[in-house]
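What follows is a walk through one chain, from its overall make-up to particular side chains. Please keep the sequence and the structure in view while reading.

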Amino acid sequence: MPIIDEAKATVVMERMKTAASYMDPEYLVSDTTFVTKQLQQGKIAMANLWASRAGAVNDPEESTVAGKIKMAAGLMGSVQPASTVWWDGWVVAKNISDEEAEAGFKLIVAAMAPEVIQANNDAAVWLANGFVPGPAAEGAASTAMAGAPAYPESKAMAVMHTALGDGLSAYMTGDKDAATALSDIIAAYMTAADEAGLVQ
């Protein structure tokens, strides 16, 4: 079931609308590729992006501002960064043979060896011995070290994420007030969650 504190949500929404006044006018349709290109072309001074985009921002073959942009941790809240972390991971299928599973685990262990991490240090933000955050990973690593929680990935959260993404735009454009937008978000979530078998 959705649990949204209307008072807190309204404060957050008001802050979002205030922040939007400093953003590109097309912020509601700006995806990470568009924002990355804006940074690369020197059209914007700062952005909140996935850490995986950091390398492209400072790639001299793509960016006119290479070497001029620094990556920083997420903004600090009163206890932890106002961010979450989302790590890629390894998966071994459960419906394979024991031999295939063993080979898969051996491959994972070999791929995470310190010497492999060191040889590919800047290819990702690694959760492994031997990793030293470089310029592209500095922000993500600092955010994680400051205590940012893992993104609460689940089927229910994915449905809520979509309901929020679709529903908040009406508030941001002034088409709906906060209370109406939140009510519509909850209704959209309940419909989608029911269709997904998440609620009875």
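Helices here are DSSP runs of H or I of at least four residues, numbered from the N terminus. The model is a predicted one. By that definition the protein chain has eight helices and zero strands, and along the sequence its pattern reads α-α-α-α-α-α-α-α. The C-alpha trace spans about 55 × 50 × 30 Å along its principal axes. Of the 200 residues in the chain, 23% are buried. Among contacts between residues at least 6 apart in sequence, 49% join residues at least 24 apart.

A starting point outside the helices is N121, which is placed in the loop between helix 5 (114-119) and helix 6 (138-145). Is N121 buried or exposed? The cut-off for buried is a relative accessible area under 20%. N121 has 15% relative accessibility and therefore counts as buried. Setting aside neighbours within four places in sequence, the contacts of N121 are W126, G130, F131, V132 and G134.

Other loops are connected through aromatic rings. The structure contains two aromatic pairs. One of them is W50 with W86, an edge-to-face pair with 5.6 Å from centre to centre and 70° between the planes. This pair links distant parts of the chain: W50 is in the loop between helix 2 (32-40) and helix 3 (54-57), W86 is in the loop between helix 3 and helix 4 (98-111), and the two are 36 residues apart. W50 has a relative accessible area of 48% and is partly exposed; W86, at 45%, also counts as partly exposed.

W86 pairs with Y151 as well. Their ring centres are 4.9 Å apart and their planes are at 5°, so this pair is stacked. It too links distant parts of the chain, since Y151 is in the loop between helix 6 and helix 7 (155-172), 65 residues from W86. Y151 has 17% relative accessibility and counts as buried. Together W50, W86 and Y151 make up one aromatic cluster.

Helix 8 (residues 178-195) can be checked against the expected span of a helix. With 18 residues at 1.5 Å a residue, helix 8 should span 26 Å, and its end C-alpha atoms are indeed 26 Å apart, so the two agree. Which residues of helix 8 are buried? They are A178, A181, L182, I185, Y189 and A193. Viewed down the axis of helix 8, these buried residues fall within an arc of 95°, so they line one face of the helix. An α-helix has 3.6 residues a turn, so residues three or four places apart point the same way. The buried residues of helix 8 pack against helix 1 (6-20) and helix 7. Just after helix 8, G197 has a positive phi of about 75°.

The packing of these helices also appears in the nonpolar cores. The largest nonpolar core has 16 residues, and those with the most contacts inside it are M13, Y171, I185 and Y189. Helix 1, helix 7 and helix 8 each supply at least two residues of this core. I185 touches I4, M160, A163, L164, G167 and L168, leaving out residues up to four places away in sequence. A second, separate core has six residues, including L39, A54, I69 and M71.

One further feature involves Y171: K17 lies over the face of its ring, at 4.1 Å from the ring centre.

How values were computed. Residues numbered from 1 in each chain as written. Predicted model: local features only at pLDDT ≥ 70, side-chain atom pairs only at ≥ 80, totals over all residues. Heavy atoms only, no water. Buried < 20%, exposed > 50% of the residue type's maximum accessible area, 1.4 Å probe, protein only. Contact = heavy atoms within 4.5 Å. Phe/Tyr/Trp six-rings, centres within 6.5 Å; stacked < 30°, edge-to-face > 60°. Lys NZ or Arg CZ within 6 Å of the ring centre and 35° of its normal. Expected span 1.5 Å × (residues − 1). Arc of directions from axis to C-beta. Core = buried A, V, L, I, M, F, W, Y, C linked by side-chain atoms within 4.5 Å.
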